[in-house]
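Biologist: Could you take me through the charged pairs in this protein, and show me the reasoning behind each label?

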Amino acid sequence: MEDQHDGKPTAEAARSYWRWQKEDFFPEPSFASWSAYRAALAATPARFRDRFAGRSTDEDELGALRRRSENEMRRCLTWWDLTWFGFGSVIGAGIFVLTGQEAHDHAGPAIVLSYVASGLSAMLSVFCYTEFAVEIPVAGGSFAYLRVELGDVAAFIAAANLILESIIGTAAVARAWTSYLASLINKPASALRIQTSLAEGYNELDPIAVVVIAVTTTVAMLSAKGTSRVNWVASAVHVLVIAFVIVAGFLHAKTSNLTPFMPHGVPGVFRAAAIVYFAYGGFDNIATMAEETKNPSRDIPLGLLGSMSVITAIYCVMALVLSMMQPYTAIDRNAAYSVAFANVGMRWAQYVVALGALKGMTTVLLVGALGQARYTTHIARSHIIPPVFALVHPKTGTPVHATMLIAIAGACIGLFSSLDVLSSLLSVSTLFIFMMMATALLVRRYVTLASFLATVHKYKFGTYYVKGVTSRTHATRLVALLAVVIGSSAGIAAYWGAAPERWVGYTVLVPLWVAGTLGIQLLVPAARAPKVWGVPLVPWLPSLSIATNLFLMGSLGAQAFIRFGVCTAIMLLYYVLVGLHATYDVAHGACSDVDKEVYDDAVDVDDAKAVAVDAATADVERAGTKI
């Protein structure tokens with residue numbers, strides 16, 4: 001049965017869904033006037049300390065934040081829907097493009113081992129996401145989980161990267177859709193784009209990408225269950241194409257093509273693993289659908305772990321097929337499967353492969369529109385971005401505003417930009433969030449956050465934090481041991497990037513990682529156990545997830561980190577100027593949608609708003625005076 005709100009409906013619930021007034025975007029007292037905003041800016045240092053220490057709770061994420069959407073998302077999804085969402089979100093064009101590229105350049109026939117290694121790394125992150133999604137089944141995904149365990153600032157960094165990924169990823173897949181459509185009709189990749197005199201990289205307008213985004217977004221806005229049905233059909237077609245590739249490929253396979261198996265040695269296998277890892281991207285979208293899942297504790301583990309296990313097996317088999325159809329030196333980097341089938345007399349099969357890739361990208365866009373909007377919705381519930389984007393439509397039960405935000409931004413970029421410069425940036429941000437998730441899981445299992453933050457920052461926080469059961473000594477140990485795990489993992493990645501053929505450094509760094517992980521297990525008592533489903537072998541699997549994600553980050557090159565640093569700096573500037581003050585007001589009950597006492601005591605909602613704004617503005621001005 002769908003959740004219903006208790007009590008009398010608020011005035012906001014009776015208002016039209018389509019609202020565009022200032023108070024819908026900036027209802028916080030800090031933005032009530034220029035004088036209030038100046039006072040808020042003056043209080044920035046104190047507010048930053050407050051929010052750096054601030055954290056949410058499971059109960060807040062499941063209760064107060066969800067009510068800010070005014071209407072409930074409909075609980076209509078089952079493990080079957082989530083499983084097919086997993087297929088639709090993950091299996092795109094990556095398997096068809098990356099396999100040939102990396103088999104030819106780095107791994108040779110051992111590309112199979114590259115997929116095994118990257119698949120295991122992805123599964124470690126899937127384990128972490130699954131435990132969080134079962135215990136905190138809300139639309140926010142990693143943003144909500146990090147907000148509970150690592151605090152508001154860490155959650156903002158994740159939120160900013162998630163929104164950036166959503167916009168850039170949508171645009172990139174949509175432009176790739178146009179390229180594959182051109183190949184399907186025997187045209188060059190850019191044949192369907194409009195050539196202009198704009199700067200290089202922005203001179204090919206892609207109206208088809210805009211149309212594809214518009215269509216998939218419209219489907220996602222109408223109904224989550226309807227989107228599931230469309231995804232099921234499209235993903236089933238894609239699975240049939242993959243089955244054809246596997247069966248037809250094995251009919252023309254030769255075991256002699258597997259020799260030499262590892263022409264570039266172990267370094268080549270891991271270089272390829274760092275690249276093909278991104279063929280597994282998209283599974284985190286499934287966690288955002290927990291709020292619409294009928295039985296999260298059962299359906300999420302079945303849907304998420306089940307789909308990713310099958311996908312890993314499919315990828316490995318497809319890589320093996322390609323390696324056995326022809327020598328690795330003959331594999332085409334750009335159209336590996338099409339050329340492989342042409343070389344064995346099945347030239348027509350290139351159209352089947354192109355159709356499969358096209359179907360895959362369509363479902364990636366479809367499920368992406370669904371999952372990314374739910375990330376954005378929950379981020380807006382926290383007021384990091386304007387809360388109007390948190391609203392759920394009363395008829396469709398979907399976050400229409402949030403879906404449109406990502407779609408319009410993605411369409412604008414997809415129309416103009418080739419996105420070559422930003423592709424590696426997405427890889428860094430994805431791996432960074434996965435690393436933070438594994439860290440957050442260790443914090444959740446071994447220490448309550450109030451004690452954890454007090455140890456890290458040497459700062460006494462307010463009484464609104466949950467009192468922990470972890471002693472200062474144990475919290476200090478966890479901080480130190482986490483530093484050892486993260487530091488040694490980063491050292492392994494750096495050493496690999498500098499001298500992959502050498503092994504002496506690993507004799508120090510690997511034992512250091514083992515010692516840090518073992519120390520957590522032996523020296524820090526567990527503070528809580530999972531209620532329903534939990535990651536096995538804690539702390540080893542989360543610690544290994546930290547190591548593998550940092551290892552893969554280290555293979556992306558310096559330019560990717562420079563761009564990531566620049567984008568993060570811009571995001572933090574927005575946080576200091578806008579997000580910090582909005583979330584501060586909300587955390588301290590200065591906004592009417594979270595200050596229930598004001599609502600209850602006021603004669604009507606408008607009076608409540610006036611009282612809340614006056615009180616909060618005075619508080620802001622007092623804080624500014626103290627600073």
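Modeller: What follows is a set of questions on salt bridges and burial in this predicted model.

Biologist: Why is the contact between Glu-61 and Arg-147 called a salt bridge?

Modeller: The rule asks for a side-chain nitrogen of Lys or Arg within 4 Å of a carboxyl oxygen of Asp or Glu, and the N to O distance for Glu-61 and Arg-147 is 2.6 Å, so the pair qualifies. Glu-61 sits in helix 5 and Arg-147 in helix 10, 86 residues apart, and the pair links distant parts of the chain.

Biologist: How many salt bridges does the rule give?

Modeller: The count comes to 18 salt bridges.

Biologist: What makes Asp-81 and Lys-225 a tie between separate parts of the chain?

Modeller: Their side chains meet in a salt bridge at 2.8 Å, N to O, and because Asp-81 lies in helix 7 while Lys-225 lies in helix 13, the pair ties together parts that are 144 residues apart in sequence.

Biologist: How do you know whether Asp-81 and Lys-225 are buried or partly exposed?

Modeller: Buried means under 20% relative accessible area, so Asp-81, at 5%, counts as buried. Partly exposed covers the range between that cut-off and 50%, and therefore Lys-225, at 23%, counts as partly exposed.

Biologist: Why do Asp-299 and Arg-298 receive their burial labels?

Modeller: Asp-299 has a relative accessible area of 0%, so it is buried, whereas Arg-298, at 43%, counts as partly exposed because its value falls between the two cut-offs. The side chains of Asp-299 and Arg-298 meet in a salt bridge of 2.8 Å, N to O.

How values were computed:
Residues numbered from 1 in each chain as written. Predicted model: local features only at pLDDT ≥ 70, side-chain atom pairs only at ≥ 80, totals over all residues. Heavy atoms only, no water. Helix = DSSP H or I, 4+ residues; strand = E, 2+ residues; numbered from the N terminus. Buried < 20%, exposed > 50% of the residue type's maximum accessible area, 1.4 Å probe, protein only.
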